[in-house]
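Biologist: Could you take me through one helix of this protein up close, and then show me how it fits into the rest? I'm new to this, so please keep it relaxed.

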Amino acid sequence: MEDTLVKAMALDGRVRFFITRTTDLVQDAVDRFDLSPAAGDALGRVLSVASIMGSMLKTPKEMLTINILGNGPFGSIVVDAYESGNVRGFVANGQLEGELANWPISALIGLPGTLTITKDLSMEENWSGTVELQTGEIGQDFAYYFTLSEQTPTAVSVGVKIDAQGQVESAGALVLQMMPDATDTEVSICEHVLSGLKPMTELIEHYDDSSIKQLAYDLFDDTEIMDTRHIEFKCTCSKEKTKGVLHTVSADQLQKMIDEDHGADVNCNFCNETYHFTTEELQEILDQNKKESEQKETHDA
């Protein structure tokens, strides 16, 4: 089964929930960055929840960035999410060896720390919300963020199952939110549903032979599927955008790349894609920068 995101409503529209199957996109991230199993687990959890959060955005022009900054060996975990449900992201220190490889995820993230969500809503200023990490357990910290920062009672279940060789066996997430008009009865029903849930990795494995939509139908008697879509690890970088970055490099530095390095390799932090620029391409950038600078000086004069 391919990676899928399902949006659904239940209990007469007083509950909404999202389920993702992210096994393939987490594997993509692990392979791109050659992540250790622990780092793949942590990044995979954030990617899984981020896909759901991205799908909550209103338009394709919007995006959000998640930054988990702890006090542990991982450093930061940064993920971008889009309205489509597609995601990209990285762990600052993703290759762990020795004893560190066996530490629990919460310790590798490390407290104290923060979870920051920044939303680019195509307005003059971005919206940002930050909460203190409570446990370092990613699902619990996201639930705390939703409840505190967005004033939405939320349950989050997320998991990644990955073997010692870096093979992702299952990954996914469930986010369940109570609507403002939910009654105590509906809250109790949700609590009962959640208390009986198996770990997310087991659910993903179990429903791989059917569909995530079937899991949604099995959670509530009156589940109504609102949307189903394919999701993937997908970066927005390109050689053209990277060329734009090189246009901001000083003339002296560009000349050094030409004379000493005989070209340049520029790496994207978010997907680990490398773009190569030949000496001819760098010279073209240098010449264009010089021409634009001369035109500006003439205009200002």
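Modeller: Sure, let's start with helix α1, which covers residues 23–33. Keep in mind that this is a predicted model. The buried residues in α1 are Thr23, Leu25, Val26, Gln27, Ala29, Val30 and Phe33. Those buried residues have plenty of partners: they pack against the strands β2 (15–21), β5 (87–91), β8 (154–162) and β9 (168–178), and against the helices α2 (37–55) and α6 (200–207).

Let's zoom in on Thr23, which sits in α1. Thr23 counts as buried because its relative accessibility is 5%, and the cut-off for buried is under 20%. Its side chain reaches the backbone nitrogen of Ala171 at 3.1 Å. Leaving out residues up to four places away in sequence, Thr23 touches Asp3, Val168, Glu169, Ser170, Ala171 and Ile204.

Now go to the other end of the helix. Just after α1 comes Asp34, with a positive phi of about 50°. Asp34 belongs to the loop between α1 and α2. Why does Asp34 count as exposed? Because its relative accessibility is 59%, and exposed means over 50%. As background, most residues other than glycine have a negative phi, and most peptide bonds are trans. Asp34 is not a glycine, yet its phi is positive.

You can find a similar story elsewhere. His262 isn't a glycine either, and its phi is positive too, at about 55°. Look for His262 in the loop between α9 and β11 (264–267). With a relative accessibility of 55%, His262 counts as exposed. There's also a cis peptide bond, with omega about 0°, joining Leu111 and Pro112. Pro112 is in the loop between α3 (105–109) and β6 (114–120).

Back to the partners of α1. One strand that its buried residues pack against is β5, and Val87 is in that strand. Val87 has 0% relative accessibility, so Val87 counts as buried. Not counting residues up to four places away in sequence, Val87 touches Leu25, Leu47, Ala50, Ser51, Val79, Asp80, Ala81, Glu232, Phe233 and Lys234. Leu25 in that list is one of the buried residues of α1. For a sense of distance, the C-alpha atoms of Val87 and Gly172 are 13 Å apart, although 85 residues separate them along the chain.

Next, the inside of the protein. The largest nonpolar core has 58 residues, and the ones touching the most other members are Met53, Ile66, Phe74, Ile77, Leu115 and Phe142. Helix α2 supplies the largest share of this core, with 10 residues. A second, separate core has 21 residues, including Val6, Val15, Leu174 and Leu176.

Take Ile66 as an example from the largest core. Apart from neighbours within four places in sequence, Ile66 is in contact with Val46, Ala50, Met53, Ile77, Val78, Val79, Leu115, Thr116, Ile117 and Phe142. Met53, Ile77, Leu115 and Phe142 turn up again here, having already been named among the residues that touch the most other core members. Ala50 and Val79 also appear among the residues that Val87 touches.

Let's step back to the whole protein. How many helices and strands does the protein have? It has 10 helices and 12 strands. Of its 301 residues, 47% are buried. Among contacts with a separation of 6 or more, 64% are between residues 24 or more positions apart. The C-alpha atoms fill a box of roughly 75 × 50 × 40 Å along the principal axes.

For a feel of that span, try Lys256, which is in helix α9 (residues 251–261). Lys256 and Val187 are 69 residues apart along the chain, and their C-alpha atoms are separated by 64 Å. Lys256 counts as partly exposed because its relative accessible area is 40%.

Finally, the outside. The accessible surface comes to about 15,000 Å², and 47% of that surface belongs to carbon and sulfur atoms. The protein carries 22 positive and 51 negative side chains, and the centres of those two sets lie 5 Å apart.

So much for the tour; to return to your helix, α1 has buried residues that pack against both strands and helices, and the exposed Asp34 comes just after α1.

Methods
Residues are numbered from 1 along each chain as its sequence is written. This is a predicted model: local features need pLDDT of at least 70, side-chain atom pairs count only at pLDDT 80 or more; totals for chains, interfaces and linings use all residues. Side-chain values use heavy atoms; hydrogens and water are left out. Buried means under 20% relative accessible area, exposed over 50%, partly exposed in between (1.4 Å probe, protein chains only). Helices (H or I, at least four residues) and strands (E, at least two) are DSSP runs, numbered from the N terminus. Contact means heavy atoms within 4.5 Å. A nonpolar core is a set of buried Ala, Val, Leu, Ile, Met, Phe, Trp, Tyr and Cys residues joined through side-chain atoms within 4.5 Å. Accessible areas come from the Shrake-Rupley method with a 1.4 Å probe; for residues, only the protein chains shown count as cover. Lys and Arg count as positive and Asp and Glu as negative; His and the chain ends are not counted. The place of a charge is taken as NZ of Lys, CZ of Arg, CG of Asp or CD of Glu. A polar contact is a pair of N or O atoms within 3.5 Å; within protein, one must be able to donate a hydrogen and the other to accept it, and residues adjacent in sequence count only if both atoms are side-chain atoms.
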